[in-house]
Amino acid sequence: MIKEVIVVEGKSDTIAIKRAVQADTIETGGSAVDKKVIAKIALAMERRGVIILTDPDHAGERIRKIVSSKVPGCKHAFIPEKDATRKGDIGVENAAPEAIRHALAHVHTSFEGAPALIGLDDLMAAGMLVHPQAAQRRMLLGNLLGIGYCNGKQLFKRLAMFGITREEFAGALAQIEQGGITS
């Protein structure tokens, strides 16, 4: 049984979570997260803690930002897009139980206002910004670090927010380079 309450987008996501683990969920009902849902999430955060596990798409990121801005201190779990896609449909409901368990085993706690350990110059040098393969490299990096895919600006923020160390960054970058994608 997972102690924290898992925030998901809808009923299909709850079903997928319950196939993978024993846990309670709160469904946002889509990307328009209303005050009643935020109040439930805030209460869950106060009593048990919260893990946000949304779809690896634009709407999921929007929900993640809304919830984490209204309820500070949430933990974040990410499923890579390739593990959450079936027949062109992206969502937690499409993820295998193993992918869900892996995401929940590798949660990150956000630290708002944390100092950046990796600078924009580091991201440039690593080919994560202004590079022909920057988007692909960011996707690989996000998957390796368990922080999900994001644009360059958001990557900079997430690396700081989740306290990703220079060593973790360098290790993931080395794996990308060994995989044949060069900067």
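Two rings of Phe, Tyr or Trp count as a pair if their centres lie within 6.5 Å. This structure is a predicted model. A search of the whole structure turns up one aromatic pair.

**The ring pair**

The partners are Phe78 and Phe162. Their ring centres are 6.0 Å apart, and their planes meet at 75 degrees. Planes over 60 degrees apart count as edge-to-face, so this pair is edge-to-face.

Where do the two rings sit along the chain? Phe78 is in the loop between strand S4 (75-76) and strand S5 (85-86). Phe162 is in the loop between helix H7 (152-161) and helix H8 (166-178). The two residues are 84 residues apart, and the pair links distant parts of the chain.

Are these residues buried or exposed? Buried means under 20% relative accessible area. Phe78 has a relative accessible area of 10%, so Phe78 is buried. Phe162 has 6%, so Phe162 is buried too.

Phe78 has another neighbour. Arg64 lies over the face of the Phe78 ring, at 4.0 Å from the ring centre.

**The two largest pockets**

Rolling a probe the size of a water molecule over the atoms shows where empty space is left. The table sets out two pockets.

| Pocket | Volume | Lining residues | Nonpolar | Polar | Charged |
|---|---|---|---|---|---|
| Largest pocket | About 390 Å³ | 23 residues | seven residues | six residues | 10 residues |
| Second largest pocket | About 210 Å³ | 16 residues | eight residues | seven residues | one residue |

Start with the largest pocket. The lining residues closest to its centre are Asp57, Glu61, Tyr149, Cys150 and Arg158. Helix H3 (58-70), helix H6 (134-145) and H7 each supply at least two residues of this lining. Which helix gives the most? H3 does, with five residues.

Now take the second largest pocket. Phe78, Pro80, His102, Asn143 and Gly146 are the lining residues closest to its centre. Helix H4 (97-105) and H6 each supply at least two residues of the lining. H6 gives the most, with four residues.

**Shared parts**

Some names appear twice. Phe78 is a partner in the aromatic pair, and Phe78 also lines the second largest pocket. H6 supplies residues to the lining of the largest pocket and to that of the second largest pocket.

Note on methods. Residues numbered from 1 in each chain as written. Predicted model: local features only at pLDDT ≥ 70, side-chain atom pairs only at ≥ 80, totals over all residues. Heavy atoms only, no water. Phe/Tyr/Trp six-rings, centres within 6.5 Å; stacked < 30°, edge-to-face > 60°. Buried < 20%, exposed > 50% of the residue type's maximum accessible area, 1.4 Å probe, protein only. Lys NZ or Arg CZ within 6 Å of the ring centre and 35° of its normal. 1 Å grid on protein atoms, 1.4 Å probe; cavity = no way out; pocket = protein on both sides within 12 Å on 5 of 7 lines; lining within 4 Å. Points joined across faces, edges and corners; volume = space filled by probe spheres on them. Nonpolar A, V, L, I, M, F, W, Y, C, P; charged D, E, K, R; others polar.
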